[in-house]
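This report walks through the empty spaces, the nonpolar cores and a few unusual backbone sites of one protein chain. Please keep the sequence and the model at hand while reading.

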Amino acid sequence: MTIVLVHGNPETDAIWDDLVPELEETDVLRLSPPGFGAPIPEAFDCTMGAYTKWLVFELEKLSRPVDLLGHDWGGAHVVGVAMERPDLIRSWTTDVLGVFEPDYVWHDLAQAWQTPEVGEQAVAEMMEMPVDVAVEQYESFGITRSIAGKIHAEHGSEMGRAILALYRSAAQPAVRDAGLELAKAAERPGLALIPTEDHFCGGETLTRRSA
């Protein structure tokens, strides 16, 4: 069985470097959303809906249903597929299920990105951050130095553009409305991880409620 891994923001597929060797399954595929370690195709608008369609397109290329696992925004894209195209997956796993709850409020940085001009300035500062500062920041989140360096190497204007478009397309009530269809994801076995040190995705209460 194929395991498909989808990462989030502001990351690249290097985020999985420490996990993949621990997986017993040898058939592991890492998919990088456009703008996050992969080129942005022409006419791709980097919205929440576009990323779900992108992931559906990539999964349609595979010969059989997969075990689909997503982290951060990758986890939201995974839930999108579980709701819209469960035929493409055998199971799904996400660590951001709480964002689909009606009570979810975007964190401060996301709200800054969703604000015209403020978002452009915030993203520019992040994309232009010196490597030593960026690596130190990633390490504070539990990411190893070697992986942090690989992620930082992909920072740039394309990733910045993708961040702004994605978060602005997901401003409330967008994710709240998407969550109205959440019951459809129950067609395939799903696992909602609760990252206890991640305070950006609704926490345990909202995750359990969504699950």
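## The largest pocket

In the residue classes used here, Ala, Val, Leu, Ile, Met, Phe, Trp, Tyr, Cys and Pro count as nonpolar, Asp, Glu, Lys and Arg as charged, and the others, Gly among them, as polar. The structure is a predicted model, and by these classes the lining of its largest pocket divides into 26 nonpolar, 10 polar and six charged residues.

The space in the largest pocket comes to about 1,100 Å³. Its lining is made up of 42 residues, of which E11, H71, D72, F141 and D198 are the closest to the centre of the pocket. Two or more lining residues are given by each of the elements β3, α2, α3 (108-113) and α5 (131-140), and it is α5 that gives the most, with four residues.

## The second largest pocket

The second largest pocket holds about 180 Å³ of space, and the residues that line it are M48, G49, T52, W73, A76, H77, G80, M83, E84, F100, A178 and E181. The elements that give two or more residues to this lining are α1 and α2, with the largest share, six residues, coming from α2. By class, the lining of the second largest pocket has six nonpolar, four polar and two charged residues.

## The enclosed cavity

Rolling a probe the size of a water molecule over the atoms shows where empty space is left. How many cavities of 30 Å³ or more does the count give? The count comes to one cavity of 30 Å³ or more, and the volume of the largest cavity is about 40 Å³.

The residues lining the largest cavity are D95, I194, P195, D198, C201, G203, E204 and T207, which by class are three nonpolar, two polar and three charged residues. D198 therefore takes part in two linings, given that a lining residue has an atom within 4 Å of a point: D198 is listed for the largest cavity and is also among the residues closest to the centre of the largest pocket.

## Nonpolar cores

The largest nonpolar core has 50 residues, and within this core the residues with the most contacts are L55, L59, L68 and I163. Apart from the largest core lies another, of 11 residues, among them I15, Y138, I147 and A148.

Leaving out residues up to four places away in sequence, L68 touches V4, V6, L55, L59, V78, V81, I89, S91, W92 and T93. One of these partners, S91, has its place in strand β4 (residues 89-94), and its side chain is joined to the side chain of D67 by a polar contact of 2.6 Å. Beyond its neighbours within four places in sequence, S91 is in contact with V66, D67, L68 and P189.

## Unusual backbone sites

Most residues other than glycine have a negative phi, and most peptide bonds are trans. Against that background, the peptide bond from N9 to P10 is cis, with omega near -5°, and P10 is placed in the loop between β1 (3-6) and β2 (28-31). Another cis peptide bond joins Q172 and P173, with omega about 15°, and P173 is placed in the loop between α7 (157-169) and α8 (174-178).

Two residues other than glycine are described here for a positive phi: A43, with a value of about 75°, and D72, with a value near 60°. Are these sites buried or exposed? A43, in the loop between β2 and α1 (48-60), is exposed, with a relative accessible area of 79%, whereas D72, in the loop between β3 (66-70) and α2 (73-84), is buried, with a relative accessible area of 15%.

## The surroundings of H155

H155 is found in the loop between α6 (145-153) and α7, and this histidine is buried because its relative accessible area is 13%, which lies under the 20% cut-off for buried residues. The side chain of H155 makes a polar contact of 2.9 Å with the side chain of Y138, a residue that also belongs to the core of 11 residues.

Aside from neighbours within four places in sequence, the residues in contact with H155 are P10, M126, M127 and Y138. P10, in turn, is the proline that follows N9 across a cis peptide bond.

Definitions and conventions. Residues are numbered from 1 along each chain as its sequence is written. This is a predicted model: local features need pLDDT of at least 70, side-chain atom pairs count only at pLDDT 80 or more; totals for chains, interfaces and linings use all residues. Side-chain values use heavy atoms; hydrogens and water are left out. On a 1 Å grid over the protein atoms alone, a cavity is a set of points where a 1.4 Å probe fits but cannot get out, and a pocket is an open set with protein on both sides within 12 Å along at least five of seven lines; lining residues have an atom within 4 Å of a point. Grid points are joined across faces, edges and corners, and a volume is the space filled by probe spheres set on the points. A nonpolar core is a set of buried Ala, Val, Leu, Ile, Met, Phe, Trp, Tyr and Cys residues joined through side-chain atoms within 4.5 Å. Buried means under 20% relative accessible area, exposed over 50%, partly exposed in between (1.4 Å probe, protein chains only). Contact means heavy atoms within 4.5 Å. A polar contact is a pair of N or O atoms within 3.5 Å; within protein, one must be able to donate a hydrogen and the other to accept it, and residues adjacent in sequence count only if both atoms are side-chain atoms.
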